[in-house]
Structure formats: C-alpha cells, structure tokens
Amino acid sequence: MFMSLCRPPGRNADPQSPADPTAVLDEVLASIGTSAPNTAVALADMLRAPVARSAVDALVLEAMQGDEPLAAVVASRTLDTLAAHRMLAYATTEDAGEALFRLMPVAAGPAISGAEADPDTVYRLSRFAQVRMDDDGISPGRLPAEGGLILESPLSRFRCHIATDARSTTAMRSLALLGSGAGLDAFHRARITEEECKPILAMLLAAGLICPLDAEGLSAEDRDPVLRQWSVHDLVMHVRARLGRHDQPIGGDFRFKNIVDPVPAIRPEPEHTARVPLPVPDEAAMAATDPSLSQVIAARASVRPQLRRHLTLQELGTFLWRTARITRSFESEAGDFTARPYPSGGGSYEQDVWVTAREVAGLPPGFYFYAATTHELLQVRPWNAECEAMIGQASTAMAGTTVPDAVLTLGSRFQRVSWKYSGMAYATQLKNAGAIYMAFYLAATAMGLSPCGLGLGSIEVFARLTGCRMEREGSVGEFALSGPPA
Ligand SMILES: Cc1cc2nc3c(=O)[nH]c(=O)nc-3n(C[C@H](O)[C@H](O)[C@H](O)COP(=O)(O)O)c2cc1C
C-alpha cells in the first residue's frame with residue numbers, strides 16, 4: 001500500500017483549513033522534528049513523493065534501533081496531522097494512475113497502516129459498502145469531474161476510486177470475490193496474483209471497506225449490536241445529510257439556480273371536478289374558547305377510537321385553517337415564498353395537504369387537495385379503490401384498531417427544496433413533516449378530535465390518486481384524523 005500527499009478532496013472543505021499538504025508537512029516537522037532530527041529529514045523527503053507505507057515503517061524501526069528512540073512518535077504525529085487535514089491518499093501501486101484502487105480521504109481521522117492480509121482469513125465487503133458512479137460535479141449539461149466507479153461506505157473515512165481502464169477487470173473481479181467472501185486462495189484461483197491481491201486487501205481492510213470473517217462466516221460488524229441495527233440506506237442518508245463524515249456539498253448552496261427553474265411557492269391547482277369552500281372559523285371565538293397551551297400539550301395524545309362521532313366538514317375546515325392555510329405570500333431575492341402556521345426549513349413550505357375523506361359529514365367521500373390560499377378542498381377523485389387503499393393502509397398502520405374518518409397525506413414537491421439544498425434536501429423535508437405533525441396534533445387536541453400520526457403510507461397509491469410523477473411530488477407523511485371519541 002502506497003501513500004501520498006493530497007489536497008483535501010471534495011467540495012465542502014473548510015475555507016479556514018490549510019490546503020497545501022507540503023506546507024503542513026514542513027510545519028509539523030519543524031515543530032516536533034527536533035526530537036528525532038534524522039527521521040524528520042528523511043520523512044520530509046520521503047513524503048514528497050508516493051511512498052510505500054512499509055518503507056516509512058522500516059525507516060522508523062531503523063531509527064529507533066539507532067539513536068532516535070522518538071522516531072515513532074515523530075512519524076505517527078506527522079502522519080496523523082496530515083490525515084487530520086485529509087491530506088493523505090493511498091493507492092495499491094506507487095503510481096496512483098496505475099492503481100486498481102485509490103483511497104481519497106473524505107473525513108479527518110488518524111493515518112492508516114496497511115497490515116498484511118492474513119493468508120488464512122476470509123475477507124468480505126462491509127455490508128455498508130456500495131459501488132456507484134462517481135457523480136461529483138454532476139449538474140445538468142456538465143460531465144462528472146472524474147466519473148468512474150467508486151466504492152464507499154458511510155463507515156469509512158475514505159472514498160475508494162476503482163480503476164476504469166483495462167485493469168478494471170481485475171478490480172471488479174476482486175470486488176465480486178469480496179462480495180461473497182474471499183481469502184488469498186480464492187484470489188489465486190481467480191488468477192489474481194498475490195502481488196496484486198495483497199495491497200488490495202491491506203488497503204480496503206485499513207479503510208474499513210472489507211472485514212475479516214470469523215469461523216462462523218461473520219464479521220465484527222455483523223456481530224456488533226449497534227451496526228446490526230442500521231440498514232444500509234438509513235446510515236448512508238444519516239451520514240450524507242449531516243456534516244463531518246463526507247466531503248460532498250451540503251447546505252443551502254442554491255445549486256440549481258440559473259440552471260433549472262425553481263418550483264413555485266404555491267402549488268398550481270391539480271385537475272379537479274368540484275370545489276368545496278371551507279368555512280373560515282371565527283378566530284376571536286376560537287381564542288375565547290380554546291384550552292390553554294399548557295392544557296393542550298398535557299392532553300395531546302394519539303387517539304384511535306372505534307366508537308366516535310364522525311368528523312364534520314366544519315371541523316375539517318377549522319383544523320386546516322389552524323394548521324395548513326397560507327397566511328401570506330411574498331417575493332424576495334431568493335424567490336417566491338409563503339408563510340403558514342407551522343415552521344419550515346428554509347421557508348420552503350414544499351408540502352401540501354391532500355385529504356382522503358371517508359366519513360366526513362357534509363363532504364362527499366373522495367380524494368381532495370387542500371387549496372391553502374383560498375381555503376377550499378378541490379375534489380381530485382371521487383371515492384375509488386385507491387381511496388379505500390389509503391384508508392386501509394392507515395388502519396393497518398394503527399394495527400387495525402380503528403378505521404379513520406379521513407387521512408391527511410403530506411405531498412412534498414421535492415425539487416422546491418433540492419433546488420436550494422445539497423445533501424440535506426430530503427432530510428429537511430422529513431423534519432418539516434414532523435413540524436406539521438405537531439401542528440396537527442395540537443390543533444386536533446384543542447378541538448377534541450382524534451389525531452394519530454402515521455409512519456407509513458404508499459407512494460404508489462398517492463401517485464395513482466394525484467397522477468403525479470413520484471420523483472416530482474410524493475407522499476412523505478400521513479396523519480389519521482377522526483371525530484371526537486365517544
Ligand atoms: C412520525 C410518527 C409516526 C407514527 N406512526 C404511527 C403509526 O404508524 N401507527 C400508530 O398507531 N401510531 C403512530 N404514531 C403515534 C405514536 O405511536 C404515538 O405518538 C406514541 O406512541 C406516543 O403516544 P401519544 O402520541 O399518545 O403520546 C406515530 C407518531 C409519529 C410522530
């Protein structure tokens with residue numbers, strides 16, 4: 001395994017942090033090198049070009065056996081400082097351009113050493129490792145900065161670039177072998193030489209992209225009660241939507257400004273067959289009769305009643321007025337916006353409320369869009385099998401305890417958020433859905449209705465009811481609402 005200095009890769013580098021690895025190397029050696037001066041001089045020299053990790057280790061060993069007992073301290077501090085600045089890259093060969101695999105540091109961490117692969121051990125890809133196209137730098141009309149294939153894991157501080165030329169046959173064969181578990185003998189049978197295979201295993205192991213298996217064919221990862229409970233997609237999203245463990249763009253960078261038109265603040269009305277004006281509640285009367293905030297918070301609960309009076313159109317209207325209406329719309333330099341009763345990340349307000357009404361007194365059963373500006377329900381579908389499925393899935397989510405009078409589905413216009421935010425767009429929408437849930441709970445509790453947040457709903461059913469392309473507008477949350485319990 002060879003290592004070399006690199007500039008911190010990626011596009012979320014802290015502008016305050018240093019970018020020149022040679023300067024960092026010289027600085028660290030100037031500050032600690034006096035405790036092992038010959039080692040420091042040799043290291044400064046060695047690290048200016050790709051060097052085998054074993055050569056550095058040999059240098060340190062020799063110095064310690066000679067007259068520089070602190071050589072190991074100087075070397076490890078130097079390498080760890082470089083690694084802390086994401087300035088150490090690794091490759092399976094001296095010439096990184098020739099390498100089957102290259103590691104680029106995506107997150108700060110200690111320097112890695114390439115322990116030799118054990119000939120009697122079987123290694124397997126980490127369950128969290130995934131191969132995909134490197135989409136760094138992709139935006140409409142532009143090709144990827146580097147392209148090619150990468151192997152990555154939310155648990156690894158490295159992104160592994162896979163050779164894409166003629167050598168990719170060996171690289172992909174190695175990954176295929178590691179996908180089901182392989183030792184040196186399996187590589188040998190696949191005609192991958194030991195010379196090629198050993199640095200691959202050492203490097204991928206050090207990067208946490210493969211794991212050794214025990215006699216029962218399990219890795220430490222498989223046995224770890226913490227990791228066992230993470231699904232791959234959940235951990236990928238968690239790591240990618242937060243700061244610290246990746247080098248990709250994240251935050252409100254308006255990445256599609258001047259490239260794609262933004263999604264408007266107010267959703268155009270869907271095709272509909274009827275408009276149902278909702279009564280506007282008397283705010284003064286509500287304020288006079290509402291329970292206090294302390295009482296509402298104390299009383300808030302999920303209510304799944306079997307025996308109840310059904311919801312009325314008047315109640316549904318008041319509920320939507322309190323929670324989901326558009327109170328104001330305005331323009332700013334960043335685009336057009338609305339204000340609504342609940343908070344929303346970036347003021348995006350990307351979600352609309354769609355109502356599947358089963359038993360709402362005064363409202364024909366069917367599927368409705370809540371027009372939040374005009375405070376109306378627009379009938380998009382009369383009652384049909386998809387409405388039945390929506391209600392049925394809500395009932396199943398509540399373990400069949402109740403069949404709700406209505407299900408409120410939060411339909412998100414995803415690109416309203418992803419136009420502005422890199423990395424955290426979907427996570428923000430789920431948080432926004434949580435804010436809406438709480439507004440729903442509080443209003444329903446204050447009104448004596450039966451609210452229950454739901455954890456699952458079908459994007460297919462929603463797509464069939466709305467006729468929307470699911471990548472453009474999809475359901476991100478459902479909420480069951482019924483009349484007061486008996
Ligand atoms: C995001 C979210 C998803 C939920 N999903 C379900 C669900 O699918 N089925 C259900 O019966 N309750 C669901 N609930 C309600 C919780 O079970 C309930 O809030 C929790 O048990 C605490 O009880 P309480 O709301 O009565 O205080 C959900 C609540 C939230 C906030």
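The exercises below, each with a worked solution, concern a predicted model.

**Exercise 1. The seven-stranded sheet**

Work out the strand order of the open sheet of seven strands, and state which strands lie at its edges.

Solution. Step 1: the order is S2-S1-S3-S4-S8-S7-S6, and the pairing is antiparallel. Step 2: strand S2 (51-52) and strand S6 (130-133) are the edge strands, since each pairs on one side only. Step 3: follow the pairs inward. Strand S1 (residues 2-5) is joined to strand S3 (residues 88-91) by four bridges, and the two run antiparallel. Within this pair, Leu5 has Leu88 of S3 as its bridge partner. Step 4: S3 also pairs with S4, in the antiparallel sense and over two bridges. Here Tyr90 stands opposite Leu103 in S4. Step 5: on to strand S8 (residues 158-162), which S4 meets in the antiparallel sense over five bridges. Arg102 has His161 in S8 as its bridge partner.

**Exercise 2. Strand S4**

Decide whether strand S4 (residues 101-105) is enclosed or open, and sort its residues by the direction in which they point.

Solution. Step 1: a residue counts as buried if 20 or more other C-beta atoms lie within 10 Å of its own. Step 2: five of the five residues of S4 are buried, so the strand is largely enclosed by the rest of the structure. Step 3: Phe101, Leu103 and Pro105 point one way, while Arg102 and Met104 point the other way. Both groups are buried, Arg102 included.

**Exercise 3. Cores and helix H7**

Find which helix gives the most to the largest nonpolar core, and trace the contacts of Met203.

Solution. Step 1: the largest nonpolar core has 62 residues. The members that touch the most others are Phe101, Cys160, Leu201, Met203, Leu204, Ala207 and Ile210. Step 2: helix H7 (residues 194-206) gives the most to this core, with eight residues. Step 3: leaving aside neighbours within four places in sequence, Met203 is in contact with Met1, Tyr90, Thr92, Phe101, Leu103 and Gly114. Step 4: there is also a second, separate core of 49 residues, which includes Val303, Tyr370, Val461 and Val476.

**Exercise 4. Cys197**

Classify Cys197 as buried or exposed, and list its contacts.

Solution. Step 1: Cys197 is found in helix H7. Step 2: Cys197 has 23 C-beta neighbours inside 10 Å, so it counts as buried. Step 3: not counting residues up to four places away in sequence, Cys197 touches Leu184, Phe187 and Ile192. Step 4: Leu177 is 20 residues from Cys197 in sequence, and their C-alpha atoms are 11 Å apart.

**Exercise 5. Strand S19**

Describe how strand S19 (residues 406-413) is covered and which strands it pairs with.

Solution. Step 1: S19 is mostly covered, with eight of its eight residues buried. Step 2: Ala406, Leu408, Leu410 and Ser412 point one way, and Val407, Thr409, Gly411 and Arg413 point the other way. Step 3: strand S15 (residues 351-357) pairs with S19 in the antiparallel sense over seven bridges. Trp354 has Thr409 of S19 as its bridge partner. Step 4: S19 is also joined to strand S22 (residues 473-482), antiparallel, by eight bridges. In that pair, Leu410 is partnered by Gly477.

**Exercise 6. The ligand shell**

Give the make-up of the shell around the ligand by class, and state which strand gives the largest share.

Solution. Step 1: the surrounding residues are Ala301, Ser302, Ala397, Met398, Tyr437, Cys452, Gly453, Leu454, Gly455 and Leu456. Step 2: by class, seven are nonpolar, three are polar and none is charged. Step 3: strand S21 (residues 450-454) supplies the largest share, three residues.

**Exercise 7. Length of helix H16**

Check the end-to-end distance of helix H16 (residues 425-446) against the expected span.

Solution. Step 1: at 1.5 Å a residue, the 22 residues of H16 should span 32 Å. Step 2: the end C-alpha atoms are 32 Å apart, which agrees. Step 3: just after H16, Gly448 takes a positive phi of about 75°.

**Exercise 8. Positive phi outside glycine**

Place Phe254 and Asn258, and state the exposure of each.

Solution. Step 1: neither residue is a glycine, yet Phe254 has a positive phi of about 50° and Asn258 one of about 65°. Step 2: Phe254 sits in the loop between strand S10 (251-252) and strand S11 (274-277), and Asn258 is also in the loop between S10 and S11. Step 3: Phe254 has 15 other C-beta atoms within 10 Å, so it is partly exposed. Asn258 has 6, so it is exposed.

Note on methods
Residues numbered from 1 in each chain as written. Predicted model: local features only at pLDDT ≥ 70, side-chain atom pairs only at ≥ 80, totals over all residues. Pairing = 2+ DSSP bridges. Buried ≥ 20, exposed ≤ 12 C-beta atoms within 10 Å, placed from the backbone. Near = placed C-beta within 6 Å. Nonpolar A, V, L, I, M, F, W, Y, C, P; charged D, E, K, R; others polar. Core = buried A, V, L, I, M, F, W, Y, C linked by C-beta atoms within 7 Å. Contact = placed C-beta atoms within 7 Å. Expected span 1.5 Å × (residues − 1).
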